[in-house]
Amino acid sequence: MQAGDYRYFDTRFAAMAHRGGFLSEADRPRENTLYAFSRAVERGYRYLETDVHVSADGELFAFHDNTLDRVTDATGVPERLPWRELSQVRIAGIDPIPTFDELLEALPEARFNIDLKVPQAIEPLIRALDAHHAHDRVCVGSFSSARIRAFRRRTHGRVATAAGPAGVAWQAYAPLGRRLVASPGVVLQIPARAWHDRMPVLTRGLIRTAHAAGRAVHVWTVNDRTEMERLIDLGVDGLVSDRIDVLAEVLTERGLWEGN
């Protein structure tokens, strides 16, 4: 399978709102909330990036961290709590944590780039996609090779997936002639650099090789205008950003913006 085999990639350039992104400093703390995602959609974003966890009683929800401590008025590991408790938690003291069902229903035209944060989320995510007929609306990845392999086994190619860590490393550093068989993932979603910005991951050669294999290349998380322009010039197919105002401006200037 290649990226072009999935409707998810039917865009000239994928502009992705990282955890919903923000349009003002006041909104920065309200990440991964229906408010943040709705603001991005109102600004014209079709693609929203998020992570999914699952409550102790099986409710799938959008949230990034492994604990509640940083962004909410609660503490602890969310997987250890039932949804009745998690539903009372407030992000930035304002917003409830959204369920993934809620996001699919409230934002019916949006597409989601999803990071599977825990293995328990695999089955609830599959059920949600089946229930909402949303297979074409998502691309799923994970920092865990085991998790993304398990998701692929269960979905049989019906859902677009990103290359896992091993696949990315193979694409980036394997001998050129062997790279084309690296991973069943149809998109590389990578940082421009790794190891505290000391090791380059993204190169023009990597982009060329990925495109030759029918794979898209998305880069995260890019908030600097100059870096956005550099990466677009290199030929990437999408950028993930918190600064959704800046990214929209850059893409408008380049004739790549497809939002309103």
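Are F61 and W83 buried or exposed? In this predicted model, both F61 and W83 are buried. The two residues also meet ring to ring: their centres are 5.8 Å apart and their planes stand at 35°, so the pair is classed as tilted. Because F61 belongs to strand β3 and W83 to helix α2, this contact ties together parts of the chain that are 22 residues apart in sequence.

The F61 and W83 pair is part of a wider set, as a search of the whole structure finds seven aromatic pairs. Another of these joins Y45 and W257, whose ring centres lie 4.9 Å apart; with the planes at 65°, over the 60 degrees that edge-to-face geometry requires, the pair is edge-to-face. Here the link is between distant parts of the chain, 212 residues apart: Y45 sits in the loop between α1 and β2 (47–54), while W257 is found in the segment after α9. Y45 is buried, with a relative accessible area of 3%, and W257 is likewise buried, at 15%. Elsewhere, one aromatic cluster is formed by Y8, F9 and Y47. An aromatic ring also meets a charged side chain at Y35, where R30 lies over the ring face at 3.5 Å from the ring centre.

Helix α1 offers a helpful next stop. Its buried residues are A36, F37, S38 and A40. In an α-helix there are 3.6 residues a turn, so residues three or four places apart point the same way. A36 and A40 are both among the buried residues of α1. The buried residues of this helix pack against two strands, β1 and β2, and against two helices, α3 (100–106) and α9. Just after α1 comes G44, which takes a positive phi of about 115°.

Turning to charged side chains, the search of the whole structure finds 18 salt bridges. Among them is the bridge between E258 and R12, in which the closest N and O atoms are 3.6 Å apart. This pair, too, brings distant parts of the chain together, since E258 is in the segment after α9 (244–253) and R12 in the segment before β1 (14–22), a separation of 246 residues. The two partners can be told apart by their accessibility: E258 counts as partly exposed at 34%, whereas R12 is exposed, with a relative accessible area of 53%. Both residues take part in a network of salt bridges that links D10, R12, R46, R111 and E258.

What does R70 bridge to? R70 forms a salt bridge with E31, with 2.7 Å between the closest N and O atoms. R70 lies in the loop between β3 (60–62) and α2 (83–86), and E31 in the loop between β1 and α1 (34–43), so the pair ties together parts that are 39 residues apart in sequence. R70 also forms a salt bridge with D65, and here the closest N and O atoms are 2.7 Å apart. Both acidic partners of R70 in these bridges are buried: E31 has a relative accessibility of 13%, and D65 has one of 12%.

Technical notes: Residues numbered from 1 in each chain as written. Predicted model: local features only at pLDDT ≥ 70, side-chain atom pairs only at ≥ 80, totals over all residues. Heavy atoms only, no water. Salt bridge = Lys/Arg side-chain N within 4 Å of Asp/Glu carboxyl O. Helix = DSSP H or I, 4+ residues; strand = E, 2+ residues; numbered from the N terminus. Buried < 20%, exposed > 50% of the residue type's maximum accessible area, 1.4 Å probe, protein only. Phe/Tyr/Trp six-rings, centres within 6.5 Å; stacked < 30°, edge-to-face > 60°. Lys NZ or Arg CZ within 6 Å of the ring centre and 35° of its normal. Contact = heavy atoms within 4.5 Å.
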